[in-house]
Amino acid sequence: MGNLTTINEFLLLGFGSLHGLQFLLFGVFLGIYVVTLLGNILILTVFSFDRSLQTPMYIFLSNFSFLEIWYTTSTAPKMLKTLLSGPEVISFAGCAAQFYFFGSMAVVECFLLAAMSYDRYLAICHPLRYPVLMNFNTCILLAGGSWLGGFLTPVVTVTMAFQLSFCEAYEIDHFFCDLAPLLKLACSDPKTVERTTFLLASFITMVPFLLTIASYICIAAAVLRIPSAAGKQRAFSTCSSHLIVVTLYYGTLGTVYAIPTATQTATLNKIFSLLYTVVTPMINPIVYSLRNKDVKKAARRLMSQWTHAKGI
């Protein structure tokens, strides 16, 4: 048991000694962050100005793009600052806020991906009833419920974690306030927090994941019943982008949490965290824009209107 003290701030150690590589990594991650912001802002702009894309599928996608902006913003600025200037001080309240906001965005993403897979299930398996089953009110209810659930879910974990007693050691060996390195600083027993977080996280991730898997099993069965190869390709193309994003998200998330926290080194934990906090949010808008003909056509129309208005 270490000496108890009142902790008013933590020190984010970031990536530690990088032997002169910090400026290179700063440039790389800054580029990734900028691409993430611009890509998702572009998608939001296209959806806002093109009425042909104001359908349930693209309403979900616009929510997803908005989410990705804040998901990566919850961690990237502090991470970039640690690369540029070394270990970064963060207040106790600031650490709690960052952990809460990051956790909220992660939960919203789980719920939104499940809602988007359900939307694709209805579109492919019940095409004639789709306009009735997935009307505007249902779409807004699912999207709004995802955001509400996301903001409510982490309250329990954050409250329990930041009521722990912390020792004099206040250095968090990470580039943001994540739960695992934070609990290592606790002088009081964190087992209750760990168990509660594990049960809550398992439920929150597994239920949307299983719903997503069930939706795609039904979609695959429906696609296989289509007689023509062209029909199968057309049906699959409407959900292929979402399937790639789901695979990336749950693949990186599963890689992180499949390895027990106790056996993860700090370096390994940081690398895994980079995958789902920085890299994946950059890939998502690229996947949706490059693999979606409607989005590409709408982007060209918007660019044409803009150049025409500017007289270019």
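The legends below accompany several close-up views of a predicted model.

**View 1. The whole chain, as a setting for the close-ups, is a protein with 13 helices and three strands.** In this predicted model, 46% of the 312 residues count as buried. The accessible surface of the protein comes to about 15,900 Å², and carbon and sulfur atoms account for 69% of that area. When contacts are restricted to residues at least 6 apart in sequence, 80% of them join residues at least 24 apart.

**View 2. Strand E1 (residues 9-12) is joined to E2 and also to strand E3 (residues 171-172).** The pairing of E1 with E2 is antiparallel and rests on four bridges, and within it Phe10 has Ile90 of E2 as its bridge partner. The pairing of E1 with E3 is parallel and rests on two bridges, with Leu11 standing opposite Glu171 in E3. In a regular strand, side chains alternate between the two faces of the sheet.

**View 3. Lys78, Lys81 and Glu88 are linked in a network of salt bridges.** The salt bridge between Lys78 and Glu88 brings their closest N and O atoms to 3.3 Å apart. This pair links distant parts of the chain, with Lys78 in helix H3 (residues 76-85) and Glu88 in strand E2 (residues 88-91), ten residues apart. The side chain of Lys81 also meets that of Glu88 in a salt bridge, for which the N to O distance is 3.3 Å. As to solvent exposure, Glu88 has a relative accessibility of 11% and therefore counts as buried, whereas Lys78, at 22%, counts as partly exposed, and Lys81, with a relative accessible area of 44%, is likewise partly exposed. Side chains of opposite charge can pair when their charged atoms come close.

**View 4. Asp119 and Arg120 meet through their side chains in a salt bridge.** The N to O distance is 2.9 Å. Asp119 has a relative accessibility of 1% and so counts as buried, and Arg120, at 7%, counts as buried too. A search of the whole structure finds four salt bridges, among them the one between Asp119 and Arg120 shown in this view.

**View 5. Thr36 lies in helix H1 (residues 22-49) and is buried.** Its relative accessible area is 0%. If neighbours within four places in sequence are left aside, Thr36 is in contact with Glu68, Thr72, Val278, Pro281 and Met282. Of these partners, Glu68 and Thr72 fall within the residue range 56-73 of helix H2.

**View 6. Leu21, Leu24 and Val28 form a nonpolar patch on the surface.** Together these three residues have about 280 Å² of accessible area. Val28 is found in helix H1, where its relative accessibility of 41% means that it counts as partly exposed. Thr36, which has its place in the same helix H1, is instead buried, with a relative accessible area of 0%.

**View 7. Helix H2 is largely enclosed by the rest of the structure, because 15 of its 18 residues are buried.** From its first C-alpha to its last, H2 reaches 26 Å, close to the 26 Å expected at 1.5 Å a residue. Ser62 has its place in H2, which covers residues 56-73, and at 17% relative accessibility this serine counts as buried, since the cut-off for that class is under 20%. Not counting residues up to four places away in sequence, Ser62 touches Leu44 and Phe47, whose numbers lie within the residue range 22-49 of helix H1.

**View 8. Helix H9 (residues 191-224) has 34 residues, and some of them are buried.** The distance from its first C-alpha to its last is 48 Å, close to the 50 Å expected at 1.5 Å a residue. The buried residues of H9 include Val193, Thr197, Ile204 and Pro208, and further along the helix they include Thr212, Ser215, Tyr216, Ile219, Ala222 and Val223.

Terms used:
Residues numbered from 1 in each chain as written. Predicted model: local features only at pLDDT ≥ 70, side-chain atom pairs only at ≥ 80, totals over all residues. Heavy atoms only, no water. Buried < 20%, exposed > 50% of the residue type's maximum accessible area, 1.4 Å probe, protein only. Contact = heavy atoms within 4.5 Å. Expected span 1.5 Å × (residues − 1). Patch = residues over 30% accessible without salt bridge, like charges linked within 9 Å, V, L, I, M, F, W, Y side chains within 5 Å. Areas by Shrake-Rupley, 256 points an atom, 1.4 Å probe, with all protein chains shown as cover. Pairing = 2+ DSSP bridges.
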